[in-house]
Every structure is written in structure tokens, then in C-alpha cells.
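Visitor: I am new to this structure and should like to understand the terms used to describe it. May I ask how each description is justified?

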Amino acid sequence: MKTKNQEWFKDAKYGLFIHWGLYSILAGEYKGQKTDRIAEWIENFLDIPVEEYEKLAEQFNPTQFDADAFVKRAKEQWGMQYIVLTAKHHEGFAMYDSKVSDFNVVKATPYGKDILKQLQLACEKYGVRMGFYYSQAQDWDDPNGFMQHRDNSKKDFQKYLDEKCKPQVKELLENYGKICLIWFDTPMGITVDQTQELIDLVKSIQPDCLLSGRTGNHMGDYMTTGDNFIPRLPYDGYDGYWEIPATVNDTWGYNKYDTNWKSADHIISLLLKIVSRGGNYLLNVGPTADGVVPEACVEILNKVGKYVTENGEAIYGTKIMPIYPYDIPGIEFTRREHKLYVHVLSPRIRVELLNIGNQVSKAYILSTGQELTYRVQRSCEGDGMIEVDIPKELHGKKNYCVCLELVEEDPIFEPIK
Ligand code: H79
């Protein structure tokens, strides 16, 4: 069971992932060689020698990074409720002031400032929860950290855990205020006992801090889906706590060649599918080495954010949906007690919902309150049916939400007979 202080996670629904590190400097290309894989893996994929990779730190100087503006935009414009930054990704580089390893942003770069501390202050100012990503098993800089696709058999992984991983996690939990969650990733060969050591460490310092589904041996606090994999069905395991990490293009860390951006419309529909199935959407941005989010990505998230902020009541704090028996193109549902939210994502003049058995007391456009005419009736076959008329001025429009106030607490979806 979760504690009272962890319930925020169930209501949050939409968060911002930030993948930012030395790989952002390479931006998908090293010495003329491009990677067509996720850009933060470039050291591994292109076999860059550790000594060469470490030298990248000498170039890290994100003078355009503005934590305050970053967080303000995520919260107010994009509607995101929590932020998770890569404190240390597989490359082993710490984006904060670490006394445990000199391979960090304060010691090793001309920039010399603690990224995580700036983010913490901004998050506190704007009331956004902050978590951090920490690669607990893979560390390509530490001789005893794991590296996928390499021989790890000679490594003293316990030594890495005791001398780098756990001391760094301790720093993160002690020096940056309240941490809402730790996003551990790629547990690889970590044992049950080692996973428990990590969990005990975290909970002894911050008992309410949630642990991602990839902490190790499925011992985390919630279910994490595969990267970009959306459950087909509602998922209610782990007390209904689950989250999908996802990208806007095809990479996490910045790749200057990746322009395969999903459209804002696509992202809105993904968000609603995730929310209706009970989960949280942790959507990623990969800032450049200068510390800015690519403009194309900003434009998409601005559009998504407009929908999210105008229709927040139909997103935050909503409950997992039962399965509606039909797939209606351009329609997604979310709900709370006595309310069914019908998200209209493609133009239409009428919303027809077949096999729904509720009584409706009121129908209106959620963002404006404009009341709509509707009929609750039975089809010729005897199935429940609700029809809502869309007003003329909205006929060519998409991306708005119709709220149906229900007499019954829950939606009554009738099976297809
Ligand atoms: O942080 C992001 C990814 O870097 C991380 N999880 C998300 C949240 C992640 N770590 N591992 N994986 C995802 C699995 C991917 C492994 C591979 Fe590959 C990437 C296999 C193919 C592409 C590395 C790069 C190995 C070959 C190419």
C-alpha cells in the first residue's frame, strides 16, 4: 500500500522527463559518425574510449539554461505536474555537485554550476514535484559499473554499488529537498539483496520517495512500462500506480538529426489513452548542450499544453476507465465520479455513444461551460444510446472536451450482444 504522501502520483498524470548530459554535446554524432540509435547511448554504440568521452566535460557550458523559465513553462504552459531530470545516466556523469565522483558538472566543466540545485529551487518556487533519474547498474565511467553489450563478468559490482551508486543516491536524497521519486533504470544483473540495499537506503532518508518499476527484480513501487510502450488495456496493478516513459521524437538525449517528431494531436491522443488506462505519461525532452529545448519540440508541447491546461479537470485526478466496447475514431474517454469526459479529437457534428446505459443530467463543453442538447434513448436493437449535438461553431474544430454529468457514479458500458 502507498502512503498518503504518495497519492500525488496517481493524480499527476503528466510529467516531464529531461535527458541531459554530456551526450547532448555530441547530439548524435561523433567524429563524423552518426548514430541511428538513442543518442544518450552514443558512447556505448560507437565505442568511444572512456578517456575521450570524459574530455567532453571540458566543453559543457550551457549558458542558455534557465531553470526558472524551464520549470515555469513545464508547469504553467505544458501542464506537467512533476519533473524528472537525469542526475546521472549510463555515461556516469553527475549533473550535480557530487563529492563522491569528480566526474560531475561542478568539478569537471567550465560551467561549474549545479544543475539539480537550480532545478530544485525552481520546482519549489512553482510547486512542481522533482524526481531524478539515476542509472544504478550501468555506469560506463566506473570500472565496476555494468555496460550492456560488454563483458561484465570481471567486474566487482558490489564495489561500485558501495563506493559510487549508494553514496551518490544518498547525496541526492540529502541535499536537494524533497525528492518525489527516483527513476532507476536498466537494473541488469543487480541481485535481490543489492536491490533491497538500495531500497532501504532510499526509504531510510525519504520514506515517501517512490521508486520506479526498474529499480531491480520488480521490487519498485510502481509499474514502469517499456520505453514508449502503452498498455493495450487498463492496468490496475501496484495499487494502480504506473507510468510510461516516452519520447516526442525517437531519442531521449538530444540528437540534431532526429526530426521524427510526433504531432501534437498524436501526443494528446496518447496522453488520453494513458490517462484512461490509469497511468502517468512521463514525456521526455532532450535539451541541447546550450540548455534549450529544440524549437520544434517546444511548439508541439505548447499545443499539447493548451489542451491539457484548458481541460485539466478531465485529466488530473481522473480514475481508471472501464473498457468501452467500441473503438470510436477520434474519441477518448476519461472520468471521475458522476462525470464522463468525452474528448473529441477529430471534427464532428454529433457525438453518438452506443451501448452506454447511463442517465445524463447535463452536457457541456468543458472549457467554456457552453451547454449542449442531448438525447438519452434506446437504439432499435434495444441498446443504450446517448447522442450529443455539437454546436455549429465547433463543427470544423477538433480537440475539445464534452463533459457529460451522469446520474450514476460510474459509466455503465454495456457489452456488445
Ligand atoms: O534513459 C532512456 C534510455 O537511455 C534508457 N531508458 C530510457 C528511459 C534505456 N536504457 N537501455 N535501454 C533504454 C534499452 C535500449 C538498448 C538499446 Fe541499443 C538501445 C538497444 C538498441 C538501442 C545500445 C544502443 C545498444 C545498442 C544500441
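Guide: Let us begin with a definition: buried means under 20% relative accessible area, exposed over 50%, and partly exposed in between, with a 1.4 Å probe and protein chains only. The model is a predicted one, in which local features need pLDDT of at least 70 and side-chain atom pairs count only at pLDDT 80 or more, while totals for chains, interfaces and linings use all residues. Residues are numbered from 1 along each chain as its sequence is written, and side-chain values use heavy atoms, with hydrogens and water left out.

Visitor: Why is Tyr-238 called partly exposed?

Guide: Its relative accessible area is 29%. Partly exposed covers the range between under 20% and over 50%, and Tyr-238 is therefore partly exposed.

Visitor: What makes the phi of Tyr-238 notable?

Guide: Most residues other than glycine have a negative phi. Tyr-238, although not a glycine, has a positive phi of about 50°. Tyr-238 is found in the loop between strand 8 (223-224) and strand 9 (242-246); strands here are DSSP runs of E, at least two residues long, and helices are runs of H or I of at least four, both numbered from the N terminus. Asn-399, also not a glycine, has a positive phi of about 65°.

Visitor: How do you know that His-19 makes a polar contact with the ligand?

Guide: A polar contact is a pair of N or O atoms within 3.5 Å; within protein, one must be able to donate a hydrogen and the other to accept it, and residues adjacent in sequence count only if both atoms are side-chain atoms. A polar side-chain atom of His-19 lies 2.6 Å from an oxygen atom of the ligand, and the definition is therefore met. For Glu-40 the corresponding distance to a ligand oxygen atom is 2.5 Å, and for His-89 it is 2.7 Å.

Visitor: What makes a set of residues a nonpolar core?

Guide: Its members are buried Ala, Val, Leu, Ile, Met, Phe, Trp, Tyr and Cys residues, joined through side-chain atoms within 4.5 Å. The largest such core has 96 residues, and Ile-182 and Tyr-281 have the most contacts inside it. Helix 10 (residues 264-276) gives the most to this core, with eight residues.

Visitor: How do you know that strand 13 and strand 16 pair?

Guide: Two strands pair if DSSP finds at least two bridges between them. Strand 13 and strand 16 have five bridges, in the antiparallel sense, and therefore they pair. Val-351 stands opposite Val-388 in strand 16.
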